[in-house]
Structures are given as structure tokens and as C-alpha cells.
Amino acid sequence: MAHIQLNNVDLEFQVGAKRHDTLKSAVRSGFGLRRRTEARTVKALKGLTLSIRSGERVGLIGHNGAGKSTLLKVMAGIYPPQRGTVVTEGHMCPLFEFVTGFEMEATGWENIRTRALLLGMSPREIDRKIDGIAEFSNLGEFLDIPVRHYSTGMFVRLAFATSTAVDPQILLLDEVMAAGDAAFIESARKRMNELMLRASIVVFASHGLDVLPTFCDRTILLKQGRIVADGPTADVVKAYAELSAVKA
Amino acid sequence: MAVAAPGEQPARSLVTQEMQTTIRDVVRSAKLWHIWTRLGMQDVRLKFRRSSIGAAWIFVNLAVLVLSIGFIYANLLGQEPREFIPYLTIGMILWGYLTNSIVDGGNAFINSEGYIKQISLPIYVYIFRFFVSISVTTLITMCAFVIVAVIYRVPVGPGTLLAIPGLLMVMTTSLLLITIFAHLNARFRDVAHMASVGMQVLFFVTPVIFPAHLLRQRRSMALVIDLNPMYHLLEVIRRPLLSAGPAEWHSYVAAGLVIVVLAAVATAVIAVFQRRIVFAL
């Protein structure tokens, strides 16, 4: 059974630490011999404990910088926490954006394969699905030419069609990818909903409060890296509205 | 996957747990070969896609270098072009391989930042990706040596096949160098620059554009060659290809030692940084 379990997770970022990205900054700091001064620690997540079981659809809400995206990346195993443990079981697919892995010089077909592999599909699975992806993208023979020649709209269609063809047990979505985004046409929304229904666990970070009740039975409210509310969506959304009102 | 024990865990077991995760990540990465071979091959293809002569640039590059250096140095050092040009060609190819492993391979994590932060693949996939692209580029370049070998009638025999174990040793070295420098360079961005300067110095000390025996003739200089690990790494491939026989035994020993030392360093570097490399990007 798919599940996600976080125990007392703390995540910190070192910011302000001078990195020698350029030769100029390297020279200025004496090639790192003179030690940097203002290294600062930002606590992005503080003592998070939560458990998500198979069948749950969980929304994450909170203001910008509350830790929604960071929490998703911890669940995805991208950021290892400094303290605490993260245990996940089940094939996981983070969809935070569409385009990582796309190469402008490669053709549409090549990009479908690369992107699909990166999302965890097996070559055989890709063979099975590639025609469906091509059909949804509605790009026809444009798939034979490099993506560089595509219009923005064509590019988005291809990226979306490929990314939404996954069949993960655990689906992690960031707000730009979540259903209900006004930018998507109706068929895209339908495809997104299908994807979310296929997964046994969906966690998605959202600003669109109207989408949450229709899709998530459970919602977690984050504030400054802590969980301040975790429960039925209606209650938590109300708590969030109050929080926002107090702030305003 | 193991189920976590409930509650707070003592720090010690957390460390070993991290080590276990890291080891599992390395193994998982290796198993995802269909991903890193595809990404690596794509890198090779894309490098030349929009140029009119494509991968032939690799040969043009090498040919210009070998011809210009070759005839000047053959004269300068009193060498037969018939022996010197093939020697120079294979030397330059292998030197390029090791240099690229350090300088380009040092960017394995930095250039993959977008992937590492968006996709939950184990990070060592990107080490293998760079290993594939750098190695495949080198293997393509090796074809240039075949042409040179035919033109200059380099002896061929069963002994030529001894270049294969040599090649495996150098490829192992390349993978280890990429691992080490990808980690170090992600954390300390100056490392690749420093290494590149170091390689330039080594280039003039190592017998690539001059034959080893010329330097050996001066007694005091023999050590410069014998203690130079780069020389032995070149020799385990160069000698079988040029003479259809094995390199000297101490070259194999030295190359083996280099691999053991680099493997220890690579293990240490992985153990120190583990998955935390993402915070350095």
C-alpha cells in the first residue's frame, strides 16, 4: 500500500553564504581563503509530522513562503531533511513543472521519450502510451521537427500531454500543475482530473481555494514551516480564511 | 522500504540510515541505465546537431592539432613522423578524455541542477550521464586513430587487443574523476578552474607531445615520468595500440593504484556530501 510518513522533519537552507559562482566573486573573496561572514540559516520546515495513507487526496495551503513547495520536495526525496525521517512507499511522481528534460534541438518524439523516462515510465510503458500522448498533443507531423520551431502553445501542449501520461501511485503536484488553473483548456482539465483519480495518493499545493473542496477530503494548512491545521478541507479552508483576514 | 521506527531516533542510527540511503541511491542510479544512456547520448548528439558536418568536427579538431603539433615536434625532437604522429594522436585523444572527465565532468551536478531540483531521480544518474557523453565522444575520436594507424602502418596483432583492459582501466578512472569533481565543484565552484590549470601543467610534464625516452635519457628526469600517474594511464592503452604488445608491468600496477586511490577518494566524497549536494546547487 502506498503511504507517506514524515516524523519530526526539520529542513534548513543556508542562505547568504557566499558562493563562488563567478571568477570575480572568487577573486574578491580571496578564492575562498577569507571566509564568508554572513551565512544565515532559514528554517523552511519545523518539526513536521504527518502521515498520508493510500486513497487520500491531500491539499496543501498557506501563504507564499509557508513551505508548501518545500514540503512537496521533501516528500519527493529531493531535499533530505536535516532532522527527522521521511518514509515513502509506492511509485512516486512529482509534477512541479512540465518541461525539465525538454531539449530545444530535439524533435517532439525524442522529447516525449526523454521526459517520460525522467518521470519514471519504463521504455515498454512509453511504447504503449506514446501514440496516445501524440494524439492528445494534437501536433501531428510537427512531432518530427525540433521543438525549437514550436510556438509556445504547441510546446505547452506537448509538455502537458507527456507529463500527464504517468501512472504513479503517489502524485505530487505544485499549484501551477493543479487542476482548475484557468490557463488550461477544458480537455486539459479533464485529463488532469483523470490523472489525479488514477493515483492512490495525491498531494497538491494550491492557492485556488475553490478547487480544494471538490477534490481533497483533507487539507493541511502551513504557516512559516509549521502545520497549523490538518483536517477536513472545509474546516481548514475556513481557518485559512480567518488567518488571512487577521493578517489583512 | 523499511518502516520507520516511531518517535525520535538517536543521532547515531540516523547517520547509518543516511549511509544506507546513499548506497541504495548509487545502486538505483546504476540500474536506471536506460535513462542515463539516453541523456548521455542525447548530449553527444545535440552538441553537433546544428553544425553542417556534425560529429566530424571532433576529427577536424584533432587533425588540425595533430598535424600542426606533429610536424613541428617531429622535427624539433628529431622523431620519425611515421612513429611520432600515431603516438601523438592516441596521446592527445586519451589526454582529452581525462581532461574532459575533470573539467566537463566537474559540471555534472551543476549543469543538472534543473533536473535534480524538479525530478526525484537519485542524483548519481547525472554522474553516469556525463560519463556516457564524455566516454562516447572519446570513443568516436578513437576512430581517428584507426585512420592514422592505417596511413602510417602501425603494427597490428593479437597484442593490440591488450588495449581493451587498458581502456577499461582508463574508463574506470574517468568515472571516478567525474564523481569526485562533480561533488567538489558543486560545493566549491573554483575546483574545476584549479583542476584545469593543474591539467595544463601536467600536460607539459607528461609524455604526450614528446616521447618518454627522450626525457628518460636524462637520469634525474626519469622519476618525473615514473612517478607521473597520468603517464601510466596513457601507457596501458597507448603501448598496446602502437606496438601490438603489453605495456610495462609497472604501468599496470601504477594504473591499478590510481584506481584504488581514486575509488577511496570518491567513496569519501560521496559519504561526506551524500544527498546534501542539492543544497550546494
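Which residues in α3(B) meet which residues in α6(B)? In this predicted model, I58(B), F59(B) and L62(B) on the α3(B) side meet T137(B), I140(B), T141(B) and A144(B) on the α6(B) side. By residue class, that contact of α3(B) with α6(B) comprises five nonpolar residues, two polar residues and no charged ones.

**Helix packing in chain B**

Two packed helices are described by the angle between their axes and the distance between the axes. For helix α3 (residues 56–76) and helix α6 (residues 124–151) of chain B, the axes come within 9 Å and cross at roughly 55°. The arrangement of α3(B) relative to α6(B) is therefore oblique. The crossing in which α3(B) passes α6(B) is right-handed.

**Contact between the chains**

Chain B contributes 26 residues to the contact and chain A contributes 32 residues. On the side of chain B that touches chain A, at least two residues each are supplied by α2 (33–48), α5 (113–118) and α13 (277–280) of chain B. The largest share of that side, five residues, belongs to α2(B). The residues on the side of chain B that touches chain A are eleven nonpolar, six polar and nine charged.

**The sheet of chain A**

Strands of a sheet pair through backbone hydrogen bonds, either parallel or antiparallel. In chain A, three strands in the order β2-β1-β4 form an open sheet with antiparallel pairing. The edges are occupied by β2 (40–53) and β4 (83–89) of chain A, each of which has a single partner strand, so one side of each is left without a neighbour in the sheet. From one strand to the next, the twist averages 25°.

Strand β1 (residues 3–15) of chain A is joined to β4(A) by six bridges, and the two run antiparallel. Within this pairing, L6(A) has V86(A) in β4(A) as its bridge partner. Helix α2 (residues 68–75) of chain A lies across β1, β2 and β4 of chain A and runs at about 60° to β2(A).

**Residues with positive phi**

Most residues other than glycine have a negative phi. The table lists two non-glycine residues with a positive value.

| Residue | Phi | Loop | C-beta neighbours inside 10 Å |
|---|---|---|---|
| N138(A) | near 60° | between α4 (123–137) and α5 (152–163) of chain A | 12 |
| R153(B) | about 50° | between α6 and α7 (163–187) of chain B | 9 |

Are these residues buried or exposed? N138(A) counts as exposed because it has 12 C-beta neighbours inside 10 Å, and R153(B) counts as exposed because it has 9.

Definitions and conventions
Residues are numbered from 1 along each chain as its sequence is written. Chains are lettered from A and ligands numbered from 1 in the order in which they are written. This is a predicted model: local features need pLDDT of at least 70, side-chain atom pairs count only at pLDDT 80 or more; totals for chains, interfaces and linings use all residues. Axes are lines fitted to C-alpha atoms, for helices over the stretch in contact, and angles run from 0 to 180 degrees between N-to-C directions. Helices (H or I, at least four residues) and strands (E, at least two) are DSSP runs, numbered from the N terminus. Angles under 35 degrees count as roughly parallel, over 145 as roughly antiparallel, 65 to 115 as roughly perpendicular and the rest as oblique. A crossing is left-handed if the near helix is turned anticlockwise from the far one by less than a right angle, and right-handed if clockwise. Two residues are in contact if their C-beta atoms, placed from the backbone, lie within 7 Å. Ala, Val, Leu, Ile, Met, Phe, Trp, Tyr, Cys and Pro count as nonpolar, Asp, Glu, Lys and Arg as charged, and the others, Gly among them, as polar. Two strands pair if DSSP finds at least two bridges between them. A residue is buried if 20 or more other C-beta atoms lie within 10 Å of its own, exposed if 12 or fewer, and partly exposed in between; C-beta atoms are placed from the backbone.
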